[in-house]
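Biologist: I would like to learn how to read a model like this one. Could you take me through it, feature by feature?

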Protein chains: 2
Amino acid sequence: MTDSSKREQLIETALKLFSKHGFHAVGIDTILAKSGVAKKTLYNHFKSKDELILAVLRYYDERFRNFFMRAVESKTGKAKERLLAVFDVAEEWFESDDFYGCLFVGAIGEYPELGTPVRHTCMEFKGLIQKYIAKLAREAKAKQPDQLAEQLVLLLEGAITMAQINSSPVSAAQARQAAKVLVENSIER
Amino acid sequence: MTDSSKREQLIETALKLFSKHGFHAVGIDTILAKSGVAKKTLYNHFKSKDELILAVLRYYDERFRNFFMRAVESKTGKAKERLLAVFDVAEEWFESDDFYGCLFVGAIGEYPELGTPVRHTCMEFKGLIQKYIAKLAREAKAKQPDQLAEQLVLLLEGAITMAQINSSPVSAAQARQAAKVLVENSIER
DNA sequence: ATCTAGGTAGACAAACCTGTATATTTTTTG
DNA sequence: CAAAAAATATACAGGTTTGTCTACCTAGAT
């Protein structure tokens, strides 16, 4: 086993459990039982549960953005179409078995104190997603790419929330429709 | 004191605390201390913490929708302008001291099990907000009022999430801008 | 004046949760 | 192969949480 094998095992198990049940609802013992790792090993890798949570968020930040950008770019090569492909990828995500809403939104809901590392990680994640969409908007020659990106992020974020609440992926298609209007409106013809 | 005075006192105190810190993070004892009510009184009115949470959500459901509709309607009498006033009201909400994101989204994040009364209350709330916006869209003679309402709800929901994450109300204005495009696009001229 | 319904105060049980410590075994590495 | 590093299993301390129970108090209705 590699050096950090146990560490990754813990992070991945914790990610699944936190995603599905929330942070407070999942105890250390549950994570240990499901991952088959000893308590001492966990506390050897992480100083506390909070540190584990933070590691999970940072891991997921990387992992999700990577997945997301790859997925969008594999849909189409045309810049303008990529802006809409964002919502096709979202739809597939919503339909997947391991969709339980946005982990970062959940984290902020359970740890709302300002200025904490958890909050910072969540803000950073959303900022980077927005930056990516702004890049796509710029490539699609949108008149005001940053403004368009802000608006598309709102649609995406709203679609995530509604998909979670209604346990239904239809919000993705609704967001896509709205996005199409905004994109057409923002690109020179 | 009226019959249900203590009950309302508990609900209002719990609402404030749950909104600010989350549900798991706030213990019964904290609610009792802040409300100045005895433990037995709480368990006389509510069978369990879960029942108190449910009562808080149902209370807030009523209260918030009432506030929201009144606020929108006090902004303007013109149907089309009311659709955009939704986002002006949202902006004021985001700027207020007691804004900590959507309580229902928080509740679903902490109690995600399907088929529970908590989930049901959250879905109902979002459904009624959407229904209200659809009514405004119909009054504004939108071509496809239900579809427009779905899209505006996504913008609103996204704006709430982003306002919470970034501790900033700017998302309201961004959503308003996008909404204007969608509304113009959906109303006969 | 007294009965009653509901409130107060606080002790307490039982469960649970995080984090530590110990003793033993496995794995890695020089 | 042998020493060192890491993992296991598990017990346990200390704190917190929910919910119950007892004993006492207060205010309004009869």
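Modeller: Gladly, starting with helices and strands: these are DSSP runs numbered from the N terminus, helices being H or I with at least four residues and strands E with at least two. From the N terminus on, the elements of chain A read α-α-α-α-α-α-α-α-α. That gives 9 helices and 0 strands in chain A.

Biologist: What should I know about the model and its labels?

Modeller: This is a predicted model, in which local features need pLDDT of at least 70 and side-chain atom pairs count only at pLDDT 80 or more, while totals for chains, interfaces and linings use all residues. Residues are numbered from 1 along each chain as its sequence is written, chains are lettered from A and ligands numbered from 1 in the order in which they are written, and side-chain values use heavy atoms, with hydrogens and water left out.

Biologist: What does the C-alpha trace of chain A span along its principal axes?

Modeller: About 60 × 35 × 30 Å.

Biologist: And what share of the residues in chain A is buried?

Modeller: Buried means under 20% relative accessible area, exposed over 50%, and partly exposed in between, using a 1.4 Å probe and protein chains only. Of the 189 residues in chain A, 52% are buried. For a case in chain B, take B:L10, in helix α1 (residues 5-21). B:L10 counts as buried because its relative accessibility is 0%. B:L10 and B:L42 are 32 residues apart in sequence, yet their C-alpha atoms are 7.4 Å apart in space.

Biologist: How are the two chains related?

Modeller: Copies are superposed by least squares on the C-alpha atoms of residues with pLDDT of at least 70 in both. Here, a turn of 180° and a shift of 0.0 Å along the axis lay chain B on chain A with an RMSD of 0.0 Å. The two copies are therefore related as by a two-fold rotation axis. In chain B, the C-alpha nearest that axis belongs to B:G158, at 1.9 Å.

Biologist: How many salt bridges are there over all chains?

Modeller: A salt bridge is a side-chain nitrogen of Lys or Arg within 4 Å of a carboxyl oxygen of Asp or Glu. The whole structure has 18 of them over all chains. One joins A:D61 to A:R65, with 2.8 Å from N to O. Both residues lie in helix α4 of chain A, 4 residues apart, or about one turn of the helix. A:D61 is buried at 6% relative accessible area, and A:R65 is buried too, at 16%. A:D61, A:E62 and A:R65 are linked in a network of salt bridges.

Biologist: Which parts of chain B does the pair B:E92 and B:K75 tie together?

Modeller: The side chains of B:E92 and B:K75 meet in a salt bridge of 2.4 Å, N to O. B:E92 sits in helix α5 (residues 79-95) and B:K75 in helix α4 of chain B, so the pair ties together parts that are 17 residues apart in sequence. B:E92 is partly exposed at 42% relative accessibility, as is B:K75 at 38%.

Biologist: Which residues form the positive surface patch?

Modeller: A:K16, A:K20, A:K34 and A:R63 form it. Patches take residues with over 30% relative accessible area and no salt bridge, joining like charges within 9 Å and nonpolar side chains (Val, Leu, Ile, Met, Phe, Trp, Tyr) within 5 Å. A:R63 lies in helix α4 (residues 49-75) of chain A, and its 43% relative accessibility makes it partly exposed.

Conventions:
Areas by Shrake-Rupley, 256 points an atom, 1.4 Å probe, with all protein chains shown as cover. Lys, Arg positive; Asp, Glu negative; His and termini not counted. Charge placed at Lys NZ, Arg CZ, Asp CG, Glu CD.
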